[in-house]
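Opened a new model today and went through it from the overall fold down to one helix. Notes below, in the order I looked things up.

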Amino acid sequence: MSDATIPTTGSAGAEPPATRPGAGESGPPGTAPPGTGLPGTGLPGTGLPGTGLPGTALADEAARLDAADPLRAKRAAFTLDGTIYLDGNSLGALPRAVPPRLADVVAREWGELRIRSWEESGWWTAPERIGDRVARLIGAAPGQVVVGDSTSVNVFKAVVAAVRIAQERGAHRDQILVDEATFPTDGYIAESAARMTGCTVRPVAAGDVPTAVGARTAVALVNHVDYRTGRLHDLPGTTAAVHAAGALVVWDLCHSAGALPVGLDAHGVDLAVGCTYKYLNGGPGAPAYLYVARAHQPRFDSPLPGWNSHADPFGMASAYAPADGAVRGRVGTPDILSMLALEAALEVWDDVTIEEVRAKSLALTDLFLRCVETYVPAGRVRSITPAAHAERGSQVALRCAAAEEAGEVMAELVRRGVVGDFRRPDVLRFGFTPLYTGFAEVERAARVLADVLKED
C-alpha cells in the first residue's frame with residue numbers, strides 16, 4: 001500500500017465511530033484492499049463480524065492463510081517458542097543470526113583484533129553502513145540515515161536543527177507544533193528544544209497539524225503511528241501542508257518502520273527518527289536512527305556536535321567543523337556491540353519487501369478483529385484502533401469496559417502464553433510483527449482472550 005493513498009486523519013487520540021471491525025474497508029473482511037492482498041489466498045468474503053461465523057470456520061481460515069503466506073518461512077529465522085508473542089511493537093523477537101554474529105564480534109573482532117577492528121572490521125563506518133540498511137525500509141536513498149544514540153537524543157537533534165533551519169528563513173518562526181497524543185518523551189524533548197531556541201510548544205492533534213501550521217511555525221513533530229491506539233497518520237498530506245506554510249516536519253517512525261511503507265524521500269520529509277528494537281528486531285536498547293534529507297544536510301546544525309561528526313575527527317581541533325552528509329548526525333563513539341547486533345538482525349529483511357509485510361500486517365489485524373468480535377462476550381472490549389486500512393498501523397488496541405480489570409486481564413493472558421501489553425488505565429495492546437506472527441496464532445490469541453473475559 002502506498003503512503004500516497006493515505007488521507008488526512010482525525011485526532012491521534014480520537015476513537016473511530018462505530019468501531020466495528022471490518023467497517024470502512026475496501027475489500028472483504030479478513031483480506032487486504034486491492035493491490036495489497038496476500039498472494040495466492042483466493043479467499044472469498046466470509047461476511048461481517050457478528051454474523052455468527054463459527055469458530056471452526058475462523059480457525060480453518062487462519063490455517064489456509066498460513067499455508068498461503070509468502071512470509072511464512074521467515075518465522076524460522078527467529079528464536080521463538082510456544083508463546084504467542086504479540087508484543088513485537090515493544091520489543092522484537094531475537095533473530096537467529098544475532099548470537100553467532102555477536103560471539104564473533106566479541107571473541108575475534110574485540111578479543112583478537114582489538115583496536116584494529118575500527119578499520120579492519122568496519123566499526124568506524126558502521127553508523128552509515130547500517131543506516132543505509134534501515135534507509136531501504138523507510139523509503140530513503142543511501143547517505144541520509146545514520147544509526148546511533150537513542151530515539152530521544154535523535155528527536156532532540158532533529159527538532160533543534162529543524163528550528164535553526166526554519167529560523168534562517170525568518171526569526172518570526174518561534175513555534176513548535178507537537179502531536180498532543182505523542183509518546184511523552186517526544187513532548188519533554190520538544191519543551192527542552194523550545195527553551196533552547198526561544199520557541200514555544202503548541203500541542204495539537206496529529207490530524208489537525210495541516211490546519212494548525214502557520215507563519216509562526218518552525219517545525220511540527222508528529223508520530224507516524226500513535227503508540228496507544230495504532231492509528232496511522234497522514235504523512236504525505238501533513239508533510240505537504242507543513243511545507244506549504246514554510247515550516248519543516250520531523251516524523252517519529254518508532255511504530256511504523258518495519259511494519260508499513262513510509263516513503264520519506266517520495267514525500268519530501270525533512271527529518272525523521274525511530275528506534276530499531278520494535279519491528280526491526282534490533283534487541284533491547286538497540287541504537288536508534290536519524291534521517292536527514294539530502295537537501296537539508298548542508299544546513300543541519302546539530303545541537304550535539306561531537307568529535308564523531310567532525311570533518312576531521314582525528315585532527316582533534318579545538319574548533320568544530322561539521323562533516324558532510326548524514327555523518328553530521330553522529331556525536332560520540334558508536335555503541336559497537338549493540339550496533340553490530342542490529343546489523344545482523346537486519347539481514348532477515350534482505351529478501352523481503354515492505355509491501356509484502358504491510359499486506360500481511362493488514363490481514364493479521366483484520367483476522368484478529370474479526371475473531372475478537374466473534375469470540376469475546378459482547379460489551380467487554382471495544383477496539384480503539386481504526387478499522388480502515390488507510391488509518392491502521394500494525395497493532396490493535398482494545399479498551400476494556402471495566403477499566404479496573406484491564407491490568408489483570410493482560411497479566412492472565414501472559415500467564416496463559418499470550419503476550420501483549422497493558423497501557424493504563426484500560427487498554428490491552430497487541431502488536432503484529434508479520435515476519436514471525438502466524439494467522440493461527442492470532443486466532444488462538446483471540447480465543448484465549450475470550451476465555452479470560454468469560455471467566456472474569
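**Overall make-up**

I started with a count of elements: the protein chain has 12 helices and 15 strands. Note to self: this is a predicted model.

Next I checked burial, and 57% of the 456 residues in the protein chain are buried. I also looked at contacts between residues at least 6 apart in sequence, and 75% of them join residues at least 24 apart. For the surface I got about 17000 Å² accessible, with 56% of that belonging to carbon and sulfur atoms.

**Cores**

Which residues touch the most other members of the largest nonpolar core? I found Ile138, Leu253, Tyr289 and Trp349, out of 50 residues in that core. Helix 4 (residues 126–137) gives the most to this core, putting in 5 residues. I then found another core lying apart from it, with 35 residues, including Ile84, Leu367, Leu369 and Phe430.

**Helix 8**

I picked helix 8 (residues 235–244) for a closer look and listed its buried residues: Leu235, Pro236, Thr238, Thr239, Ala241 and Val242. The spacing made me recall that residues three or four places apart in an α-helix point the same way, because there are 3.6 residues a turn.

What covers the buried residues of helix 8? I noted that the cover includes helix 7 (209–212), strand 7 (217–223) and strand 8 (248–252).

Last, the ends. At the N-terminal end of helix 8, I found Asp234 as the cap, with a side-chain oxygen 2.9 Å from the backbone nitrogen of Gly237. After helix 8 comes Gly246, and I read its phi as positive, near 85°.

Methods:
Residues are numbered from 1 along each chain as its sequence is written. This is a predicted model: local features need pLDDT of at least 70, side-chain atom pairs count only at pLDDT 80 or more; totals for chains, interfaces and linings use all residues. Side-chain values use heavy atoms; hydrogens and water are left out. Helices (H or I, at least four residues) and strands (E, at least two) are DSSP runs, numbered from the N terminus. Buried means under 20% relative accessible area, exposed over 50%, partly exposed in between (1.4 Å probe, protein chains only). Contact means heavy atoms within 4.5 Å. Accessible areas come from the Shrake-Rupley method with a 1.4 Å probe; for residues, only the protein chains shown count as cover. A nonpolar core is a set of buried Ala, Val, Leu, Ile, Met, Phe, Trp, Tyr and Cys residues joined through side-chain atoms within 4.5 Å. A polar contact is a pair of N or O atoms within 3.5 Å; within protein, one must be able to donate a hydrogen and the other to accept it, and residues adjacent in sequence count only if both atoms are side-chain atoms.
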